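I opened my notebook to look through one protein model, a topic at a time. Here is what I looked up, in the order I went.

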Amino acid sequence: MKVLIVIAALVAYAAAQSCPNIVSRAEWGARAPTGITYLNLPVPFVVIHHGASGSCSTQAGCSDIVRSYQDQHMDVNGWSDIGYNFIVGGDGNVYEGRSWDKVGAHAPGYNSQSIGICFIGTFTSSTPASSAINAAQQLIACGVGQGNVAGAYSLIGHRQAVTTECPGDALYAEIQGWPNWDANP
Ligand SMILES: [Zn+2]
């Protein structure tokens with residue numbers, strides 16, 4: 001019996017370890033969404049973005065930028081919330097956007113069947129910090145483990161959905177080496 005309890009604890013520990021730290025909306029100071037649409041899970045796509053903004057290396061600095069993205073998306077674009085499902089900072093933290101279960105606004109044609117992950121910064125000529133890349137990859141694995149992302153998901157860059165330079169040439173080259181990158185979505 002004790003052996004079973006130990007095994008169960010180890011399995012639970014391993015499952016918890018496979019998910020990165022996620023800074024909640026309350027922690028980064030999110031505004032409430034003005035509307036919510038739920039995704040059908042698991043989603044078959046993961047779409048990678050960059051914010052085409054300045055960068056950050058602390059939770060306070062990254063939270064400032066995430067709030068600026070939300071303001072831009074709600075006040076300028078007229079969307080119901082920050083567009084991305086998750087945002088990854090140069091501090092190695094994942095920031096909660098629309099999360100796993102809500103339809104985002106980030107890639108036309110893919111919003112209702114994907115999780116959109118945005119790296120804070122501009123990655124045309126350099127890639128994100130290794131801590132940020134690790135966090136994003138861990139987040140995707142976590143999503144698969146939790147049944148939010150299909151095991152046979154396709155990973156794409158925003159530019160594969162619509163004409164845009166996003167996620168930047170350097171980050172686009174980087175993600176082509178990631179698991180499940182799909183050249184022909
Ligand atoms: Zn994008």
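**Entry 1: a buried cysteine.** A reminder to myself before anything else: this is a predicted model. I began with Cys142 and asked whether it is buried or exposed. Its relative accessibility is 2%, and the cut-off for buried is under 20%, so Cys142 counts as buried.

**Entry 2: its partner.** Next I looked for what Cys142 is bonded to, and found a disulfide to Cys19, with an S to S distance of 2.2 Å. The angle about the S-S bond is 85°, and the link of Cys19 and Cys142 is right-handed. I then checked where the two ends sit. Cys19 is in the loop between α1 (2–17) and β1 (22–23), while Cys142 belongs to helix α4. The two are 123 residues apart, and the pair links distant parts of the chain.

**Entry 3: the other disulfide.** How many disulfides does a search of the whole structure find? It finds two. Besides the link I already had, Cys56 and Cys62 form a disulfide, with their sulfur atoms 2.1 Å apart. This link of Cys56 and Cys62 is right-handed, with 100° about the S-S bond. Both Cys56 and Cys62 are buried. I numbered the bonded cysteines in sequence order and got the pairing 1-4, 2-3.

**Entry 4: a cysteine without a disulfide.** Cys118 is in no disulfide. The nearest cysteine sulfur belongs to Cys166 and is 6.6 Å away. I looked up how accessible each of them is. Cys118 has 0% relative accessibility, so it counts as buried. Cys166 is at 6%, so it counts as buried too.

**Entry 5: the zinc ion.** Which residues coordinate the zinc ion? I found His49 through ND1, His158 through ND1 and Cys166 through SG, at 2.0 to 2.2 Å. Along the chain, these donors follow the spacing H-x108-H-x7-C. His49 lies in strand β2 and His158 in the loop between β6 and α5, so this pair ties together parts that are 109 residues apart in sequence. I checked burial here as well. His49 is buried, with a relative accessible area of 1%, and His158 is buried at 12%.

**Entry 6: the largest nonpolar core.** This core has 27 residues, and the ones that touch the most other members are Ile48, Phe119 and Trp178. Where do its residues come from? At least two residues each are supplied by β2 (43–50), β3 (86–88), β5 (114–119), α4 (130–145), β6 (149–157) and α5 (169–175). Helix α4 gives the most, with seven residues.

I picked Trp178 for a closer look and left aside its neighbours within four places in sequence. Trp178 is then in contact with Ile48, Phe119, Ile133, Ala136, Gln137, Ile140 and Leu155. Apart from this core lies another, of 13 residues, and Cys118 from Entry 4 is one of them. Val23, Tyr84 and Ile87 are also among its members.

**Entry 7: the record.** Last, I looked up the annotation. An unreviewed UniProt entry places the feature "domain: Peptidoglycan recognition protein family" at residues 20–162. Over residues 20–162 the model's chain is 27% helix and 22% strand. The end C-alpha atoms of that stretch are 29 Å apart.

Terms used: Residues are numbered from 1 along each chain as its sequence is written. This is a predicted model: local features need pLDDT of at least 70, side-chain atom pairs count only at pLDDT 80 or more; totals for chains, interfaces and linings use all residues. Side-chain values use heavy atoms; hydrogens and water are left out. A nonpolar core is a set of buried Ala, Val, Leu, Ile, Met, Phe, Trp, Tyr and Cys residues joined through side-chain atoms within 4.5 Å. Buried means under 20% relative accessible area, exposed over 50%, partly exposed in between (1.4 Å probe, protein chains only). Helices (H or I, at least four residues) and strands (E, at least two) are DSSP runs, numbered from the N terminus. Contact means heavy atoms within 4.5 Å. Donors are N, O and S atoms within 2.8 Å of the metal (3.2 Å for Na, K and Ca); water is not among the atoms, so sites may look incomplete. UniProt positions are given in the numbering used here, feature names are shortened, and annotations may be inferred rather than shown by experiment. A disulfide is a pair of cysteine sulfur atoms within 2.5 Å.
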